[in-house]
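Here are some notes to read alongside the model, written for someone opening it for the first time. Keep the viewer at hand and follow the points in order.

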Amino acid sequence: MFLFDIYNNILYYTKEFIVTSTSPNLFIHGLMAVFIIYLLTKRPFKPRQNDTLTKAEEDELIREWSPIPLTPKTNPLEVLNQNELIIQESEGTHVTINNKKYLNLARSNYLGLINNPEINKVSENAIRKYGVGSCGPRGFYGTIDVHLDLEKKTASFMKTPEAVLYSSAYATISSAIPSFSKIGDIIIVDRGVSQPVQVGVSLSRSRIYYFNHNDMDDLQRVLEQTQFKGSKAKIVRKFVVIEGLYYNSGTIAPLPQILKFKEQYKFRLIMDESHSVGVLGSTGRGLTEHYNIDTNLVDILTGSYGNSFSSGGGFCCGSPEVVYHQRLNGVGYVFSASLPPFLACSSTKAIEMLEENPKMLEKLHSNIGQLYQGLNNSGALNGLLEITSLPISPVIHLSLLDSKSNKSNRINDELLLQKIVDKAMDHGLLLTRAKYVYAEKFIPKPSIRISVSSNLTFDQIKESIEIIKKCTSFVLESN
């Protein structure tokens with residue numbers, strides 16, 4: 001009877017409240033109060049004592065049960081990508097696989113510093129002095145003097161106030177983005193960014209907007225869409241994320257126009273220069289030097305030591321506040337063992353060599369031009385492949401001319417390109433298809449990716465063009 005009286009009283013007063021109240025908010029609050037009282041007075045469910053399964057029922061349930069797979073089913077593209085080549089020996093331009101030498105156009109060795117005698121000597125001396133690994137993160141007895149030397153050298157080379165060193169190039173950008181952008185912030189991203197950038201954007205758990213690759217009209221549309229007024233504008237931070245030279249396409253970002261938008265729409269710019277530092281600009285300082293723009297106009301600038309400088313690890317440049325914040329909040333910096341000392345020494349030496357001999361860049365640019373023009377000449381690819389990269393990019397993508405594949409149906413194009421790669425290998429030339437993680441948000445169309453190095457000779461490039469031409473004709477004209 002007690003509960004019955006409570007419900008009667010609640011219903012009576014609710015009815016009176018509805019009749020007399022003129023505020024919809026008060027009415028809603030009243031309904032919420034009724035619902036809370038209902039939940040508090042509701043008897044909890046208790047299973048009955050005799051609700052047990054028989055032995056036969058248990059056995060039947062066990063027979064019917066099957067566990068969820070630990071990993072998803074392998075798709076045909078992943079099966080195709082499982083074939084790995086084991087390198088037995090590596091030289092400046094060649095590698096040895098199965099006791100046979102191949103001219104290597106598959107790796108990012110832009111300045112040709114792999115197996116450089118001077119860098120090898122510096123690395124050897126560092127190993128004798130410090131050992132191989134650091135065995136600790138930077139904040140836990142993993143900081144070595146050569147790390148500080150490399151940070152200072154990088155900041156000086158990039159013409160920024162400070163730089164912070166990461167032990168992994170992949171972890172650099174994927175740690176830098178979420179260390180600044182948080183839940184509720186806005187990130188506007190070019191659709192052409194590579195996997196490490198996509199991971200960093202996802203880890204931030206911010207509100208993410210994408211614009212079409214290098215489409216400034218579409219970027220302005222998104223900026224207008226996210227241009228909040230009033231109080232919202234004071235609490236929302238906005239970032240635009242781009243790459244200097246896009247690894248997935250071999251194109252460069254239109255930085256001057258983006259900086260104009262930066263002044264107009266008030267966002268912070270994050271740019272990854274992993275494939276443009278040591279490549280673009282008269283002295284190899286990247287996209288900002290290419291456009292003759294002050295590096296400090298980019299709020300957060302990241303890069304890799306592994307492509308042009310043939311070492312390992314990554315860096316992030318910026319103001320003292322930007323760098324200091326990452327030393328406390330960059331996951332890849334705080335929780336990863338620091339860069340092995342010999343890699344820090346090799347990176348420092350590589351930067352010094354580039355500063356002392358800028359002609360390395362002239363040779364790289366000359367090789368890029370020779371290979372690009374040779375492949376792009378009328379008839380070189382027999383109207384079967386097309387170059388989708390820019391003439392200044394050391395990353396050259398060759399795609400099928402009539403390719404219409406998408407993420408769900410691309411295996412046929414990938415198989416054709418793999419046949420060209422295999423045929424080239426029969427002629428002593430090592431190429432590779434551009435391979436992507438299947439879960440990537442925007443997967444480019446299938447292509448063969450060629451990486452140009454400054455230590456390639458004129459004859460090696462000429463021979464490579466002929467091999468690519470012959471293998472393309474043989475595979476595609478017979479299919």
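1. A term to begin with: two strands count as paired if DSSP finds at least two bridges between them. By that standard β2 (residues 94-97) and β3 (residues 100-104) are a pair, antiparallel, with 4 bridges. Within this pair, Thr 96 faces Lys 101 of β3. Bear in mind that what you are looking at is a predicted model.

2. Now step back to the sheet these strands belong to. It is open, has 4 strands in the order β1-β2-β3-β13, and its pairing is mixed. Which strands stand at the edges? They are β1 (87-90) and β13 (429-430), and since each has a single partner strand, one side of each has no neighbour in the sheet. As background, strands in a sheet pair through backbone hydrogen bonds, in a parallel or an antiparallel way.

3. The start of the sheet is easy to trace. A hairpin of 3 residues links β1 to β2, and the two strands run antiparallel, joined by 3 bridges. Look for Ile 87, which sits opposite Ile 97 in β2.

4. Next, the nonpolar interior. The largest nonpolar core holds 107 residues, and Ile 242, Leu 269, Phe 309, Leu 375, Leu 398, Leu 431 and Ile 450 have the most contacts inside it. Take Leu 431 as a sample: leaving out residues up to four places away in sequence, Leu 431 touches Leu 105, Ala 106, Val 421, Ala 424, Ile 448, Ile 450 and Ile 468. Apart from that core lies another one, of 5 residues, including Val 95, Ile 97, Tyr 102 and Leu 430.

5. Helix α12 (residues 255-265) is worth a slow look. Its buried residues are Leu 255, Ile 258, Leu 259, Phe 261, Lys 262 and Tyr 265. Why do they end up on the same side of α12? Because they cover an arc of only 155 degrees around the axis. The general rule behind such patterns is that an α-helix has 3.6 residues a turn, so residues three or four places apart point the same way.

6. Staying with α12, the exposed residues Lys 260 and Glu 263 are on the face turned away from the buried side. The cover over the buried residues includes α10 (216-225), β7 (238-243), β8 (268-272) and α13 (287-290). Just past the end of α12, Lys 266 has a positive phi of about 60 degrees.

7. Then there is Ser 310, in the loop between β9 (300-304) and β10 (314-318). Is Ser 310 buried, exposed or partly exposed? Its relative accessibility is 22%, so Ser 310 counts as partly exposed; the cut-off for buried is under 20%. Setting aside neighbours within four places in sequence, Ser 310 is in contact with Asn 109, Leu 113, Ile 114 and Tyr 305.

8. Some of those contacts deserve a closer check. The side chains of Ser 310 and Asn 109 make a polar contact of 2.7 Å. A polar atom of the Ser 310 side chain also lies 3.5 Å from the backbone nitrogen of Ile 114. As for Leu 113, its C-alpha is 5.7 Å from that of Ser 310, although the two are 197 residues apart in sequence.

9. Last, the cysteines. How many disulfides does a search of the whole structure find? The count is 0. Cys 135 is exposed, with 80% relative accessible area, whereas Cys 345 is at 15% and therefore counts as buried.

Key
Residues are numbered from 1 along each chain as its sequence is written. This is a predicted model: local features need pLDDT of at least 70, side-chain atom pairs count only at pLDDT 80 or more; totals for chains, interfaces and linings use all residues. Side-chain values use heavy atoms; hydrogens and water are left out. Buried means under 20% relative accessible area, exposed over 50%, partly exposed in between (1.4 Å probe, protein chains only). Contact means heavy atoms within 4.5 Å. A polar contact is a pair of N or O atoms within 3.5 Å; within protein, one must be able to donate a hydrogen and the other to accept it, and residues adjacent in sequence count only if both atoms are side-chain atoms. A disulfide is a pair of cysteine sulfur atoms within 2.5 Å. A nonpolar core is a set of buried Ala, Val, Leu, Ile, Met, Phe, Trp, Tyr and Cys residues joined through side-chain atoms within 4.5 Å. The arc is that of the directions from the helix axis to the C-beta atoms.
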